[in-house]
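Reader: I'd like to learn how to read this model feature by feature. Could you give me the general idea each time, and then the case at hand?

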Amino acid sequence: MNLTTRTGGVQRRTPAPYLRRAAAAEWEALWSTVCGRLAGKRLGAVPLALTATSLVLLFDLVQQLPGGVGLVERVGVVRGSQPLELSLLRTPLSLFVPALDLPVWGALAQVLVVFGIAEIVLGRRQTLCIAYAGTLAGTLYARLAVDLGPDSLFGLPASAALVRDSGPSAAVVALAICTAWRARAWCTGAAVAVVMAAEAAMLPNLAGLEHLAAVATAVLTAAVGELFGGYWPRVLALVRASADTARPTAGALTP
């Protein structure tokens, strides 16, 4: 039903129907997929998201204990000042280390929701790979930004090498972009990218630039998957079809 308002005897159409149609086009397929999977398996549909959320909570609890910050630092904190080999070794766990100066509930909500939706839409393996790729891109870019220096548009001062990497946020950004791409929620994906760009422009710090690196990695990953994701399955299908066609012929020629 179209909603109208009367102003000075003139009926004016409200944008509600258009907004409903736009929201349906953007999120209806995604919503039905997620709700359908959760209705069937409940929390069993998102074991990876639950595990990731639990790890973020565990690291935060350990950080609150006496000596816990030092333990977390040795296990999962990555900084640009560290040797590259050590950073790469810690990067998988650094994905789950929340920031000390931000409320942990925000990180927990982001990880649970975004990882959960990605796990349903993309699959468990792709979700894990994209999350790690986004985090790794941020880790490597932090070193590049320090090397570029503060005079460069995408550079940072040397002091940024002492700052913690962004934790789970880079993975969340990468997963949000790739999930929106797969679900064809183009406005949502674009909104995430624009917000990250605005953050980096207004607050040119390590976390903002790492988020931009995660956005670039996610767009590249999604584009490559779009172009070549179905290539090898089609090749294998053709090979199987050729083999099935040739098998009776070979049998008929056997004396």
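Reader: Let's start with the fold elements. How many helices and strands does the chain have?

Author: Helices (H or I, at least four residues) and strands (E, at least two) are DSSP runs, numbered from the N terminus. Here the chain has 10 helices and two strands. Reading from the N terminus, the order is β-β-α-α-α-α-α-α-α-α-α-α. Before we go on, note that this is a predicted model, where local features need pLDDT of at least 70 and side-chain atom pairs count only at pLDDT 80 or more, while totals for chains, interfaces and linings use all residues. Residues are numbered from 1 along each chain as its sequence is written, and side-chain values use heavy atoms, with hydrogens and water left out.

Reader: Fine. What share of the chain is buried?

Author: Buried means under 20% relative accessible area, exposed means over 50%, and partly exposed is in between (1.4 Å probe, protein chains only). By that rule, 36% of the 255 residues in the chain are buried. As for total surface, areas come from the Shrake-Rupley method with a 1.4 Å probe, and for residues only the protein chains shown count as cover. The chain exposes about 15100 Å², with carbon and sulfur atoms supplying 70% of that.

Reader: And how do I read contacts over sequence distance?

Author: A contact means heavy atoms within 4.5 Å. Take the contacts with a separation of 6 or more: residues 24 or more positions apart account for 68% of them. Gln-110 makes a handy example. Its place is in helix α5, residues 104–122, and if you set aside neighbours within four places in sequence, Gln-110 is in contact with Phe-115 and Val-172. Gln-110 and Ala-176 are 66 residues apart in sequence, with their C-alpha atoms 10.0 Å apart in space.

Reader: Why does Gln-110 count as partly exposed?

Author: Because its relative accessibility is 39%.

Reader: On to charges. How many salt bridges does the structure hold?

Author: A salt bridge is a side-chain nitrogen of Lys or Arg within 4 Å of a carboxyl oxygen of Asp or Glu. The structure holds four. One of them joins the side chains of Glu-73 and Arg-79, at 2.5 Å from N to O. Glu-73 also pairs with Arg-164, where the closest N and O atoms are 3.7 Å apart. That second pair links distant parts of the chain: Arg-164 is in the loop between α6 and α7 (168–182) and Glu-73 in helix α3 (residues 68–76), 91 residues apart.

Reader: Are those arginines buried or exposed?

Author: Arg-79 is buried, with a relative accessible area of 19%. Arg-164 is buried too, at 16%.

Reader: Which pair involves Glu-226?

Author: Glu-226 bridges to Arg-184, and their closest N and O atoms are 2.6 Å apart. Glu-226 lies in helix α9 (residues 206–228) and Arg-184 in the loop between α7 and α8 (186–202), so this bridge ties together parts 42 residues apart in sequence. Glu-226 is partly exposed at 42% relative accessibility, and Arg-184 is partly exposed at 37%. Back with the earlier trio, salt bridges that share partners join Glu-73, Arg-79 and Arg-164 into one network.

Reader: What about a charged residue without a partner?

Author: For charge, Lys and Arg count as positive and Asp and Glu as negative, while His and the chain ends are not counted. Look at Asp-60, found in helix α2 (residues 47–64). Asp-60 is buried yet has no salt bridge, and the nearest side chain of opposite charge, Arg-164, is 7.9 Å away. Not counting residues up to four places away in sequence, Asp-60 touches Pro-98 and Val-104.

Reader: Now the surface. Which residues form the nonpolar patch?

Author: Patches are made of residues with over 30% relative accessible area and no salt bridge: like charges are joined within 9 Å, nonpolar side chains (Val, Leu, Ile, Met, Phe, Trp, Tyr) within 5 Å. Here Leu-144, Leu-148, Leu-153 and Phe-154 form a nonpolar surface patch, with about 410 Å² of accessible area together. Leu-144 sits in helix α6, residues 124–148, and is partly exposed at 42% relative accessible area. Leu-144 and Gly-155 are 11 residues apart in sequence and 7.6 Å apart in space, C-alpha to C-alpha.

Reader: Last one: how many disulfides are there?

Author: A disulfide is a covalent bond between the sulfur atoms of two cysteines. The cut-off is a pair of cysteine sulfur atoms within 2.5 Å, and the structure holds zero. As for cysteine exposure, Cys-129 is partly exposed at 49% relative accessibility, whereas Cys-178 is buried at 4%.
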